[in-house]
Amino acid sequence: MREVPEVPEVPDVSDVPELTQERPGRGPTARVPFQVVEVTGPSMVPTLHHGDWLLVQYGATVRPGDVVILRHPFQQDLLVVKRAAERRRGGWWVLADNTFAGGDSTDYGVVPEELVLARVRARYRPLKKDQRSVWSVLAWAVSALRPVSAARSVSSRLRAR
């Protein structure tokens with residue numbers, strides 16, 4: 001597994017199915033629409049944290065504001081999690097929610113459409129070992145599983161550029 005601290009990474013790229021990967025017992029064009037992946041790194045804080053698990057949908061329509069999984073444009077064996085800010089000529093402009101982490105389109109430009117692989121549908125935040133009090137477990141239970149939506153506006157960041 002390759003670690004890049006400023007960019008969340010999806011573990012083991014070999015486990016990520018291509019959209020037309022053959023599955024046992026199915027034809028060669030069978031699609032694998034959903035997968036669970038783990039986030040590493042701080043670039044999507046506060047939306048996603050290191051250790052969060054994501055339910056991702058391959059081939060889903062991407063809209064501005066969606067959190068997506070993409071292949072890094074310069075290092076295509078590396079998968080990253082970013083927010084699709086807007087569609088531009090040649091692909092998507094993607095941003096990290098944590099403006100101090102970097103590792104987004106401000107560094108590598110527009111990401112070609114074919115490198116955007118999946119849309120994040122839900123986030124699961126595992127219970128930490130130090131969360132043992134009743135109140136901390138209740139707080140975790142309320143926020144552990146959440147859909148990841150395009151509700152967070154990225155427009156203020158785009159206007160500042």
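**View 1. Glu 86 and Arg 88, a pair at the partly exposed surface.** In this predicted model, Glu 86 has a relative accessibility of 26%, and it counts as partly exposed because that value falls between the limits of 20% for buried and 50% for exposed. Arg 88, with a relative accessible area of 33%, is partly exposed as well. The side chains of Glu 86 and Arg 88 come together in a salt bridge, with 2.5 Å from N to O.

**View 2. A salt bridge between Arg 87 and Glu 113.** The side chain of Arg 87 forms a salt bridge with that of Glu 113, and here the distance from N to O is 2.7 Å. Arg 87 belongs to strand E4 (residues 79-88), whereas Glu 113 sits in the loop between helix H1 (105-108) and E6, so that the pair links distant parts of the chain, 26 residues apart. Glu 113 has a relative accessible area of 37%, and this makes the residue partly exposed.

**View 3. A buried salt bridge between Arg 119 and Asp 66.** How far apart are the closest N and O atoms of the salt bridge that Arg 119 forms with Asp 66? They are 3.1 Å apart. Arg 119 is part of strand E6 (residues 116-124), while Asp 66 lies in the loop between strand E2 (53-58) and strand E3 (67-71), and therefore the salt bridge ties together parts that are 53 residues apart in sequence. Arg 119 and Asp 66 are both buried. The count of salt bridges in the model comes to five.

**View 4. The largest nonpolar core and the surroundings of Val 67.** The largest nonpolar core holds 15 residues, and those that touch the most other members are Leu 48, Leu 54, Val 56, Val 67, Ile 69, Val 81 and Val 120. Strands E2, E3, E4 and E6 each contribute at least two residues to this core. When residues up to four places away in sequence are not counted, the residues that Val 67 touches include Met 44, Leu 48, Val 81, Ala 118, Val 120 and Val 148, and also the charged residues Lys 82, Arg 83 and Arg 119. A second core, separate from this one, has twelve residues, among them Val 62, Ala 84, Leu 115 and Val 116. In soluble globular proteins, nonpolar side chains tend to be buried together.

**View 5. Leu 55 and a nonpolar patch on the surface.** Phe 34, Val 36, Trp 53, Leu 55, Tyr 124 and Leu 145 make a nonpolar surface patch of about 560 Å², to which strand E1 (34-38) and strand E2 each supply at least two residues. Leu 55 lies in strand E2, and with a relative accessible area of 33% this residue is partly exposed. Apart from neighbours within four places in sequence, Leu 55 is in contact with Phe 34, Gln 35, Val 36, Arg 119, Val 120, Arg 121 and Ala 122. The C-alpha atoms of Leu 55 and Arg 123 are separated by 6.4 Å, although the two residues are 68 residues apart along the chain.

**View 6. The buried residue Ser 105.** Ser 105 is found in helix H1, and its relative accessibility of 2% means that the residue counts as buried. Leaving out residues up to four places away in sequence, Ser 105 touches Trp 92, Trp 93, Val 94, Val 110 and Val 111.

**View 7. The cis peptide bond before Pro 46.** Pro 46 is located in the loop between E1 and E2. The peptide bond that runs from Val 45 to Pro 46 is cis, with omega near 15°, whereas most peptide bonds are trans.

Notes. Residues numbered from 1 in each chain as written. Predicted model: local features only at pLDDT ≥ 70, side-chain atom pairs only at ≥ 80, totals over all residues. Heavy atoms only, no water. Salt bridge = Lys/Arg side-chain N within 4 Å of Asp/Glu carboxyl O. Helix = DSSP H or I, 4+ residues; strand = E, 2+ residues; numbered from the N terminus. Buried < 20%, exposed > 50% of the residue type's maximum accessible area, 1.4 Å probe, protein only. Patch = residues over 30% accessible without salt bridge, like charges linked within 9 Å, V, L, I, M, F, W, Y side chains within 5 Å. Areas by Shrake-Rupley, 256 points an atom, 1.4 Å probe, with all protein chains shown as cover. Contact = heavy atoms within 4.5 Å. Core = buried A, V, L, I, M, F, W, Y, C linked by side-chain atoms within 4.5 Å.
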